[in-house]
Structures are given as C-alpha cells and as structure tokens.
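Here is a short report on one protein chain and its ligand. Look over the sequence and the structure first, then read on.

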Amino acid sequence: MSSPSPELFDRIVNLTKRRGFVYPSAEIYGGFRSTYDYGPVGVLLLRNVKDAWWRSMVQLRGDVVGLDASILSPPQVWEASGHLANFTDPLVDCTTCHQRFRLDKLEDPERCPNCGAVGAFTEPRQFNLMFKTQAGPVEDAAAVAYLRPETAQGMFINFKNVVDTTRVRPPFGIAQIGKSFRNEITPGQFVFRTREFEQMEMEYFVPPADAQRWYEYWCTERYQWYLDLGIPEDLLRLRPHESDELSHYSSGTSDVEFLFPWGWDELEGIANRGDYDLTQHAEHSGERLEWYDQAANERWVPHVIEPAAGATRTAMAFLMAAYDEEEVRGETRVVLRFHPRIAPYKVAVLPLSKKPELSGPAQELVAELRRSFVCDYDETQSIGRRYRRQDELGTPYCVTYDFDSLTDGAVTVRERDSMEQERVPLADLAGVLHERLA
Ligand code: ATP
C-alpha cells in the first residue's frame with residue numbers, strides 16, 4: 001500500500017462530499033475558508049474515532065479518568081501555560097502579492113509559493129494563534145477570554161479537583177476529548193489543518209523517577225492503537241523529535257506520523273513534559289499542585305506524559321487509509337475498507353424490492369438490528385447500485401431481504417471486502433453479525 005497521489009486525494013475529498021461525510025462550512029453563502037461541517041456519515045465516523053480512543057484510553061483501563069472542561073478560559077490560564085507569550089508562529093508577508101505564510105512551513109524560505117517572487121518576504125513577525133474574545137457585555141481588558149488552543153490545560157488546572165474528589169493515585173491519567181481553536185495562518189489540506197478542530201488528549205501523572213519508562217510505554221501503546229484499527233504499517237511511523245525540535249521543558253517527544261499525499265505528517269505527539277505544567281500553574285495560582293505520599297510522608301510534583309492526538313485529523317487518516325479502487329467486471333469499484341469499529345454504518349438492510357411484502361419485514365428487521373448496531377436502510381435503486389453505495393460508505397455487511405426470505409426465513413449477507421454472499425437464517429443473524437463485527 002502506498003500513499004495516495006494528489007489526483008487520488010482529490011477523488012477521496014470528492015467522495016466525502018458526495019456521500020455526506022464532510023461539507024465545506026457555510027457553503028450556501030460561498031463557504032467559510034477552511035471550516036468544515038461533518039455530515040450524517042462523517043459524524044458517525046468521527047464519533048467512532050473518538051469512541052475508539054475513549055474505549056482504549058479510559059474504559060478499558062483502571063488508571064485513567066475522564067474530564068470535559070470548558071472551552072472559554074481566562075487569560076491567567078494561558079499566562080501560566082506560556083501560550084500567551086510563546087504560542088506563536090513566525091509569519092512573513094510577500095511584498096509582491098501580499099499573501100501571508102508561515103515561515104517554518106515554506107519549502108524555500110526565500111521564494112513565495114504563490115507568485116514566485118524571490119527575496120520579497122518581510123522580516124518574520126511572531127503571530128499568536130489563540131482566538132481572543134470577550135466574556136460579558138463590557139469590552140474591556142477585564143472581559144478578555146480565550147478559546148482554548150488545546151484541551152490539555154483543562155487537565156492541569158483540574159489536577160487538584162480530581163485528586164481531591166476521586167481515588168486516583170500516581171501513576172494515573174486524566175483524558176479529554178473536545179474542540180480546540182487555533183488561528184492557523186496557513187490552514188489547508190482539507191481537514192488536516194483547520195482553525196477549529198477536535199483533540200483527544202490525556203495527561204498521565206507519574207512519579208518523577210518513572211517518567212522515562214512511562215514515556216516509552218505510551219509511545220508503544222499509541223502507535224499500536226492506529227495499527228489495531230487498521231492503518232497499515234507502511235503508512236504509519238513513530239518519529240522521535242530531534243533535540244532542536246524539543247520544547248525547553250520536554251525531555252522527549254515522538255510523533256505518530258501518517259503518510260499523507262504530501263508526505264509524512266503528524267497525527268499525534270507523545271511528550272514527556274516533566275513537571276513544567278503543574279509547577280507553572282502552582283506558581284501562578286498559588287495552589288499546591290503536588291502529590292502527597294502518605295506512607296512515605298513525602299510530597300512531590302508528578303511528571304507528565306502527554307499523548308495528544310487530533311480526532312478530525314485522525315478521521316481523515318482513517319479515510320485515506322481505507323480508500324481503495326478495484327476493477328470488478330470491467331467497472332471500477334470504490335470501497336472504503338474501514339475497520340468495523342471505525343466504519344460509520346456496521347450493517348445495511350436492503351429489501352430486494354420496495355413492495356410492502358418485502359419492505360415491511362425488512363423494516364422490522366432493521367429496527368431490531370438497530371438495537372445493537374448502527375444501521376442504514378435503503379430500498380431505492382437496483383441492488384447492485386445499493387451495494388456500490390454501501391461500499392463507498394465502508395459498510396462491512398449488507399443484509400438483503402428477498403422473496404425467498406418470506407418462505408425460508410433466511411437473508412443474504414454480503415461481505416464488503418470480498419463481496420462474498422452467504423445465506424444466513426434470520427434466527428442466527430444477530431449472532432453472526434456480533435461475532436464478525438467484534
Ligand atoms: P502541527 O505541528 O501540525 O501544527 P502541533 O504539533 O502544534 O501540530 P499539538 O499541539 O501537538 O500539534 O496538537 C496535538 C494534535 O492536535 C496534533 O497532532 C494534531 O493531530 C491535532 N491538531 C493540532 N492542530 C491542528 C489543526 N490546526 N487542525 C487539525 N488538527 C490539529
């Protein structure tokens with residue numbers, strides 16, 4: 001498997017619009033640059049990505065608890081975290097065409113990628129990426145608030161609350177999924193880099209002496225998560241940062257990278273953040289943010305390992321890895337080979353005809369299956385076209401209810417990848433689907 005070419009990438013983006021995964025936002029008003037809305041199918045895909053993350057990071061573990069912190073936050077949080085001073089990108093303007101670029105993302109720092117002018121850039125300026133707004137009716141300095149640029153600070157500022165109100169003890173984690181906002185200078189590449197996006201982050205608090213071991217543990221765990229959900233190994237790598245890429249407080253960071261059409265790019269960063277965050281918030285807030293080990297009568301500031309992933313970006317990687325085209329009887333079949341856990345719909349119920357004698361029992365069947373699986377139901381067009389449509393949605397199983405079903409009490413189950421069909425008695429259907437979709 002290789003990374004899709006730019007033309008293939010365009011076809012994938014086209015499919016996402018055509019099948020209701022992703023729409024450009026405010027399209028009836030001409031669109032709003034680099035913002036997207038997740039349609040009826042995309043919302044299922046995105047939810048499955050987030051659910052898979054939550055299941056592996058929280059549900060299946062005894063040492064991680066959840067949080068949902070507010071998006072609006074006061075300047076003090078960002079003062080302490082360092083974002084007000086440092087969350088900046090170097091920005092240059094082209095004096096010929098007046099376009100703006102992020103200096104560190106330019107292929108050639110001398111040449112304008114828009115008009116080709118050489119040596120026409122202004123000196124770089126540092127541009128803060130946070131969205132500033134005001135809370136309340138008065139527009140003065142006291143009303144300034146920020147939309148969070150990451151979910152992580154919610155975990156640090158609630159460290160004391162979580163320790164005081166639950167039974168956690170290090171090593172333990174606090175996990176959160178939610179929207180973050182960054183005024184990116186050069187958004188683009190579809191939903192890869194947008195100004196509004198969703199993150200899945202976890203802060204894992206450990207005894208200082210164990211930090212390196214836990215950092216290595218989380219690098220392995222997180223890399224494996226993508227493989228387990230069907231991203232092929234040759235499209236995925238774990239890349240340790242060079243020492244000049246590391247932030248001053250981090251003693252180790254690795255990125256999980258995916259091979260996008262434009263090359264390797266980040267899906268997730270795993271960082272050993274030391275005691276930087278808790279220490280900063282303790283200093284700025286005056287609260288003690290530390291662990292008291294009663295048995296040893298010792299106080300210490302936990303070190304933090306942070307796996308920080310993007311939900312929207314990861315959903316896009318799953319889409320790209322799943323996309324496949326093949327020749328079937330002289331026609332191109334487009335199929336999304338999603339892992340069952342990621343597939344938007346798990347099962348589609350398709351009555352062979354929309355005559356009430358078939359659609360009636362087929363609707364009863366889908367109502368029953370919906371109790372266990374996210375299902376689609378479709379009775380329009382020929383059965384062949386309906387199969388193709390489900391292939392493009394990535395639905396693992398189609399269940400066809402035909403005239404024989406009325407007498408033999410069985411249905412045809414078609415598997416997406418092999419297109420093989422088999423007859424399954426209705427009484428066994430739910431069990432068979434449960435087993436295969438597990
Ligand atoms: P990049 O270098 O791509 O700007 P980053 O290193 O600043 O990303 P982090 O702050 O580590 O990103 O955020 C963690 C994750 O959040 C990223 O790995 C990515 O998946 C996601 N993310 C960050 N910025 C964006 C964005 N503008 N649009 C979509 N996802 C994003």
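## A small sheet

How many bridges join β8 to strand β9? There are 4, and the two strands run antiparallel. Strand β9 covers residues 144-147. One pair can be picked out by eye: lysine 132 has tyrosine 146 in β9 as its bridge partner. This is a predicted model.

These strands belong to an open sheet of 3 strands. The order is β4-β9-β8, and the pairing is antiparallel. β4 (72-73) and β8 (131-134) are the edge strands. Each has a single partner strand, so one side of each is left without a neighbour in the sheet.

## The chain as a whole

The protein chain has 438 residues, and 35% of them are buried. It holds 13 helices and 24 strands. Its C-alpha trace spans about 75 × 65 × 50 Å along the principal axes.

Contacts in this chain often link distant parts of the sequence. Take the contacts with a separation of 6 or more: 63% of them are between residues 24 or more positions apart.

## Two domains

The domain assignment gives domain 1 (6-67 + 131-319) and domain 2 (345-437). Domain 1 is thus written as two segments, domain 2 as one. Their centres, taken over C-alpha atoms, are separated by 37 Å.

How many residues of domain 1 are in contact with domain 2? The count is 4, and they meet 4 residues of domain 2. On the domain 1 side, 3 of the touching residues are nonpolar and 1 is charged. No polar residue takes part on that side.

## The largest core

The largest nonpolar core has 94 residues. Val347, Val349 and Val399 have the most contacts inside it. Helix α9 supplies the largest share of this core, with 8 residues. Domain 1 and domain 2 each contribute at least three residues to the core.

Valine 399 is a good place to start looking. Set aside its neighbours within four places in sequence. It is then in contact with Val347, Val349, Leu350, Val411, Val413 and Leu429. Two of the other core residues with the most contacts, Val347 and Val349, are therefore on its list.## Strands β12, β13 and β14

Strand β13 (residues 252-260) is mostly covered. Of its 9 residues, 8 are buried. It pairs with strand β12 (residues 236-240) through 5 bridges, and the two run antiparallel. Leucine 236 has phenylalanine 258 in β13 as its bridge partner.

β13 also pairs with β14, again in the antiparallel sense, over 9 bridges. One of these links leucine 259 to tryptophan 264 in β14. β13 and β14 form a hairpin, with 2 residues between them.

## Around the ligand

Which strand gives the most to the shell around the ligand? It is β14, with 4 residues. β11 (196-206), β14 (263-274), β17 (303-310) and α9 (311-322) each supply at least two residues of the shell. Two of these elements have already appeared above: β14 in the hairpin with β13, and α9 in the largest core.

In total, 16 residues surround the ligand. The closest are Phe197, Gly269, Ala308, Gly310 and Arg313. By class, the shell has 7 charged, 5 polar and 4 nonpolar residues.

Key. Residues are numbered from 1 along each chain as its sequence is written. This is a predicted model: local features need pLDDT of at least 70, side-chain atom pairs count only at pLDDT 80 or more; totals for chains, interfaces and linings use all residues. A residue is near a molecule or strand if its C-beta atom, placed from the backbone, lies within 6 Å of it. Ala, Val, Leu, Ile, Met, Phe, Trp, Tyr, Cys and Pro count as nonpolar, Asp, Glu, Lys and Arg as charged, and the others, Gly among them, as polar. A residue is buried if 20 or more other C-beta atoms lie within 10 Å of its own, exposed if 12 or fewer, and partly exposed in between; C-beta atoms are placed from the backbone. Two strands pair if DSSP finds at least two bridges between them. A nonpolar core is a set of buried Ala, Val, Leu, Ile, Met, Phe, Trp, Tyr and Cys residues joined through C-beta atoms within 7 Å. Domain bounds come from an automatic or database domain assignment. Two residues are in contact if their C-beta atoms, placed from the backbone, lie within 7 Å.
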